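Dear colleague,

I am passing on the structure we spoke about, with my notes on it underneath. Please read them alongside the coordinates.

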Amino acid sequence: MLMITGNEAKPMVKEVPGEEAKKIIEKDEKYVATTTKASPAVVKEAKGIVFEDVDGNIFFDFTSGVGVTNVGHSHPKIIEAIKKQAEKFLHFAGTDFYYSLQAELAEKLCEITPGNFEKKVYFGNSGAEAVEAAIKMTRWSTGKKFFIAFIGAFHGRTMGALALTASKPVHKQKFFPWMPGVVHVPYPNPYRNPFGIDGYEEPDELVNAVINYIEYVFKHFVPSDEVAAIFAEPIQGEGGYVVPPKNFFKELLKLAEEHDILLVDDEIQAGFGRTGKFWAIEHFDAVPHVITTAKAMASGIPISACVYPAKNDFKVKGAHSTTFGGNPVACAASLATIEVLQNGLIENAEKQGKLMAKRLKEMEEKYEIVGDARGIGLMQATEIVKSKETKEIYPKARDEIVNKAFKKGLLLLSCGASAIRYIPPLCINEEQMNNAMDLLEEAIKETMKEL
Ligand SMILES: Cc1ncc(COP(=O)(O)O)c(C=O)c1O
């Protein structure tokens with residue numbers, strides 16, 4: 001029986017991490033590989049936006065398991081769908097045989113992704129696998145070898161996806177050689193970009209600078225007719241929750257189509273309702289050729305997908321496949337997730353996103369170290385800086401804010417060099433949002449006093 005309801009108005013925290021948490025952390029550190037651990041949060045149960053830790057502390061989760069539990073933790077409709085399918089069969093290799101759930105989910109994804117053309121879906125198990133599928137499909141179907149990706153991008157950590165990733169040196173350090181053939185270009189980051197353009201004031205100028213830069217690359221060292229695809233996140237995620245100017249994707253698509261290049265929209269973090277529309281690219285009036293998705297797709301059961309034009313299909317059996325792709329339990333959870341999102345949660349993301357944006361903008365105006373508040377829907381961040389004037393990054397203050405917020409019961413994650421992301425489950429209510437923002441504000445004020 002869950003003790004928490006998910007409707008709690010406030011977190012309730014004593015001393016964290018508590019004694020039970022410390023024991024688990026110690027064992028984990030001894031036996032589990034070093035990954036990306038960020039806070040000593042040791043969960044026992046979770047519901048909605050709330051979780052209880054092993055010492056009885058009650059927290060608000062503003063991380064959604066890194067963008068996964070968009071419908072909220074332990075949503076009854078998802079659990080019901082999982083149980084129902086689990087009682088029938090857990091696995092049957094949808095790659096080699098058939099069951100209806102896989103075809104149903106593929107049909108649904110083809111319907112709800114932008115673009116009125118025939119599509120097909122490749123199912124994998126993680127975001128990186130969806131990206132690998134996009135890499136292989138675009139190379140396979142076009143015969144071209146090169147890719148364009150953006151500085152600040154995160155597309156995963158497997159050797160192909162890693163080649164596209166360019167958000168932090170630690171991701172690539174000591175791993176060379178990764179897949180050859182990727183050229184990185186600047187992303188139109190309005191707040192800080194190598195062109196010295198204020199992208200909030202001059203969005204068109206910034207977009208032109210990026211498009212011209214890509215043309216420059218084509219002219220000098222990457223023949224555009226050898227480029228298979230351009231990979232882009234609609235909002236850069238791990239790179240710092242960077243929202244490009246509104247017309248960026250229209251211009252990028254135009255450029256791609258002029259050169260017969262496929263545009264791959266990586267929606268792994270930004271998709272599935274997070275921004276108040278099903279796909280983040282819908283905010284930018286552009287229809288990409290390919291979409292990759294994962295994370296929130298099945299509310300926590302691993303599954304990913306690459307949705308692409310049917311004419312670009314592999315066509316040859318065995319060219320690409322994976323044992324667990326399209327697992328039936330994950331497909332059932334994903335279909336239920338789509339239904340739950342479309343029944344009110346996406347609208348709520350837009351509504352609560354407006355409230356969050358208002359509160360974060362107020363903090364930007366009030367506090368010298370809050371340099372930039374940005375985002376769409378419930379995908380928002382603040383960039384922490386030493387001063388608004390210099391925009392010098394201030395990761396020490398950022399980490400301290402995250403740490404203080406955790407001690408108050410608000411679980412946060414950083415992103416980029418000096419930003420904090422705010423990504424609660426989309427079922428959050430107004431009272432919970434305001435109380436979470438109050439806790440964040442307290443953490444900022446206390447940090448400013450101490451540093
Ligand atoms: C935009 C984007 N693409 C790809 C990935 C990789 O996904 P995964 O960690 O499931 O491999 C991530 C993960 O954060 C992501 O945010």
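**What was found**

The protein chain is divided into two assigned parts, domain 1 (1-54) and domain 2 (78-340), and the centres of domain 1 and domain 2, taken over C-alpha atoms, are separated by 31 Å. Please keep in mind throughout that this is a predicted model.

On the ligand, which may interest you most, 14 residues surround it, and the closest are Gly-127, Ala-128, Gly-156, Ile-268 and Gln-269. Helix 5 (residues 127-142) supplies three residues, the largest share of the shell around the ligand. Sorted by class, that shell holds five nonpolar, six polar and three charged residues.

Turning to the strands, there is an open sheet of four strands in the order 1-2-3-13, with mixed pairing; strand 1 (43-47) and strand 13 (410-411) are the edge strands, each of which pairs on one side only. Within this sheet, strand 2 (residues 50-53) pairs with strand 3 (residues 58-61) in the antiparallel sense over three bridges, and Val-50 stands opposite Phe-60 in strand 3.

As for the helices, helix 3 (residues 76-86) packs against helix 10 (residues 328-366) at an angle of about 155°, and their axes are 8 Å apart. Because angles over 145 degrees count as roughly antiparallel, helix 3 is roughly antiparallel to helix 10. The crossing in which helix 3 passes helix 10 is right-handed.

With best regards

Definitions and conventions. Residues numbered from 1 in each chain as written. Predicted model: local features only at pLDDT ≥ 70, side-chain atom pairs only at ≥ 80, totals over all residues. Near = placed C-beta within 6 Å. Helix = DSSP H or I, 4+ residues; strand = E, 2+ residues; numbered from the N terminus. Nonpolar A, V, L, I, M, F, W, Y, C, P; charged D, E, K, R; others polar. Pairing = 2+ DSSP bridges. Domains from an automatic or database assignment. Axes fitted to C-alpha atoms, helices over the stretch in contact; angles between N-to-C directions. Parallel < 35°, antiparallel > 145°, perpendicular 65-115°, else oblique. Left-handed = near helix turned anticlockwise from the far one by under 90°.
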